[in-house]
Amino acid sequence: MAEALPEYPDSDFSEDDQSPLEVSFNKASDHVRKITTKLNNNQLLELYGLYKQSTEGKCNIPRPGWLDGKGRKKWEAWRSLVDMPSDEAKQKYIDLVQKYDPECELVEEAVPKQQWVAVSSLQRSPEPDLSHDELSLLDAARENMGELVSKLISKNPAIKAQRDKDGLTALHWAADRNATSALEAAIQSGCDINAMDNSGQTALHYAASCGHVNSTQILIKAGAKLFKDEDDCSPLDLAADEEIRNILSA
């Protein structure tokens with residue numbers, strides 16, 4: 001069942017304040033709700049990835065856990081677009097909607113505003129705004145606060161093994177965000193360089209799949225291994241581009 005979400009929740013502007021591209025994009029995303037049942041999973045995933053790239057930019061969240069198969073596929077559809085500009089993603093989204101429904105003219109229709117298909121929203125909880133004193137080791141790693149990472153581990157060495165519900169350590173978070181200062185601090189403080197999350201992925205998997213060259217180099221230099229995850233994929237298998245593959249192959 002489609003999830004009820006407000007129409008265009010992030011928009012503070014009327015149609016008169018929006019560019020022609022934005023108007024067409026919003027109408028196209030609204031039209032998707034009416035043709036969802038006509039589309040296959042691959043088409044929906046492609047639209048989903050373009051929608052997220054259009055509205056939020058480059059994928060900036062960690063890969064969902066092993067048990068969340070649907071979430072992982074949605075994440076991969078978004079992550080695969082890498083650095084595609086927002087306007088380009090919007091135009092591709094519009095073109096796809098028109099391709100899948102040639103009769104679509106992207107005109108505004110009278111539909112209940114509270115109805116929205118879940119394909120246009122990856123469900124995740126927003127990260128809270130925390131003061132410096134409230135930050136955990138994982139928060140510090142995610143926010144690239146290298147000095148705080150070192151300080152927290154120095155005060156309590158046991159937290160080096162701290163994980164979130166998906167098994168991500170400070171190294172996973174730092175590698176995912178390309179937070180190189182936090183990554184180096186965590187390594188120097190003795191965090192397990194080859195620690196695996198609930199899917200058997202190491203920080204090197206995250207750095208490689210996200211295309212983070214600097215983080216990949218740091219991890220390799222620190223002795224990270226090319227272990228395989230539960231899908232039998234090594235960081236080399238998941239490498240986002242040729243530069244990453246060259247680093248891992250060397």
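This passage describes the fold, the confidence and the packing of a predicted model.

The protein chain has 250 residues, and 46% of them count as buried. It contains 12 helices and zero strands. Read along the sequence, the pattern is therefore α-α-α-α-α-α-α-α-α-α-α-α. Many contacts link distant parts of the sequence: among contacts with a separation of 6 or more, 70% join residues 24 or more positions apart.

Confidence varies along the protein chain. The average pLDDT is 80, and 80% of the residues score at least 70. Among the elements, helix α8 has the highest mean pLDDT, at 96. Helix α3 (residues 69–79) has the lowest, at 85. Over residues 1–14 the pLDDT is below 50, although this stretch has 24 contacts beyond near neighbours in sequence. Residues 107–131 also stay under 50. For them the model has 52 contacts beyond four places in sequence. Where pLDDT is low, the predicted coordinates should not be read in detail.

Helices α1, α2 and α4 pack against one another. Helix α1 (20–35) has 16 residues and reaches 23 Å from its first C-alpha to its last, close to the 22 Å expected at 1.5 Å a residue. Its buried residues include Val-23, Phe-25, Ala-28, Val-32 and Ile-35. Polar or charged side chains are not absent from the list, which also includes Asn-26, Ser-29, Asp-30 and His-31. The cover over the buried residues of α1 includes α2 and α4.

Helix α2 (41–56) also has 16 residues. At 1.5 Å a residue, they should span 22 Å, and the end C-alpha atoms are 22 Å apart, so the two values agree. Asn-40 caps the N-terminal end of α2, with a side-chain oxygen 3.1 Å from the backbone nitrogen of Asn-42. Just after the helix, Gly-57 takes a positive phi of about 80 degrees. Between these two residues, the buried positions of α2 include Leu-44, Leu-47, Tyr-48, Leu-50 and Tyr-51. The buried residues of α2 pack against α1, α3 and α4.

Helix α4 (residues 86–100) has 15 residues, which should span 21 Å at 1.5 Å a residue. Its end C-alpha atoms are 21 Å apart, which agrees. Ala-89, Lys-90, Tyr-93, Ile-94, Leu-96 and Val-97 are buried in α4. Seen down the helix axis, the buried residues fall within an arc of 160 degrees, so they line one face of α4. What covers them includes α1 and α2.

The largest nonpolar core has 37 residues. Leu-137, Val-149, Leu-171, Leu-183, Ile-187 and Leu-219 have the most contacts inside this core. The elements that give two or more residues to it are α5 (137–142), α6 (146–155), α7 (170–177), α8 (180–188), α9 (203–209), α10 and α12 (242–249). A second, separate core has 17 residues, including Ala-28, Leu-44, Tyr-51 and Ile-94. Of these, Ala-28 is a buried residue of α1, Leu-44 and Tyr-51 are buried in α2, and Ile-94 is buried in α4.

Two residues illustrate the packing around α8 and α10. Ile-187 is in contact with Leu-171, Ile-193, Ile-218, Leu-219 and Ala-222, leaving aside its neighbours within four places in sequence. Ser-215 lies in helix α10 (residues 213–221). Its relative accessible area is 0%, so Ser-215 is buried, the cut-off being under 20%. Its side chain makes a polar contact with the side chain of Asn-178, at 2.6 Å. Not counting residues up to four places away in sequence, Ser-215 touches Ala-174, Ala-175, Asn-178, Ala-179, Thr-180, Leu-183 and Ala-207. One of these, Leu-183, is also among the residues with the most contacts inside the largest core.

Two loop residues other than glycine have a positive phi. Asn-144 lies in the loop between α5 and α6, and its phi is near 60 degrees. With a relative accessibility of 33%, Asn-144 counts as partly exposed. Asp-232 is found in the loop between α10 and α11 (235–238). Its phi is about 65 degrees. Asp-232 also counts as partly exposed, at 48% relative accessibility.

Terms used:
Residues numbered from 1 in each chain as written. Heavy atoms only, no water. Helix = DSSP H or I, 4+ residues; strand = E, 2+ residues; numbered from the N terminus. Buried < 20%, exposed > 50% of the residue type's maximum accessible area, 1.4 Å probe, protein only. Polar contact = N/O pair within 3.5 Å; in protein donor to acceptor, adjacent residues only side chain to side chain. Contact = heavy atoms within 4.5 Å. Core = buried A, V, L, I, M, F, W, Y, C linked by side-chain atoms within 4.5 Å. pLDDT = per-residue confidence, 0-100. Expected span 1.5 Å × (residues − 1). Arc of directions from axis to C-beta.
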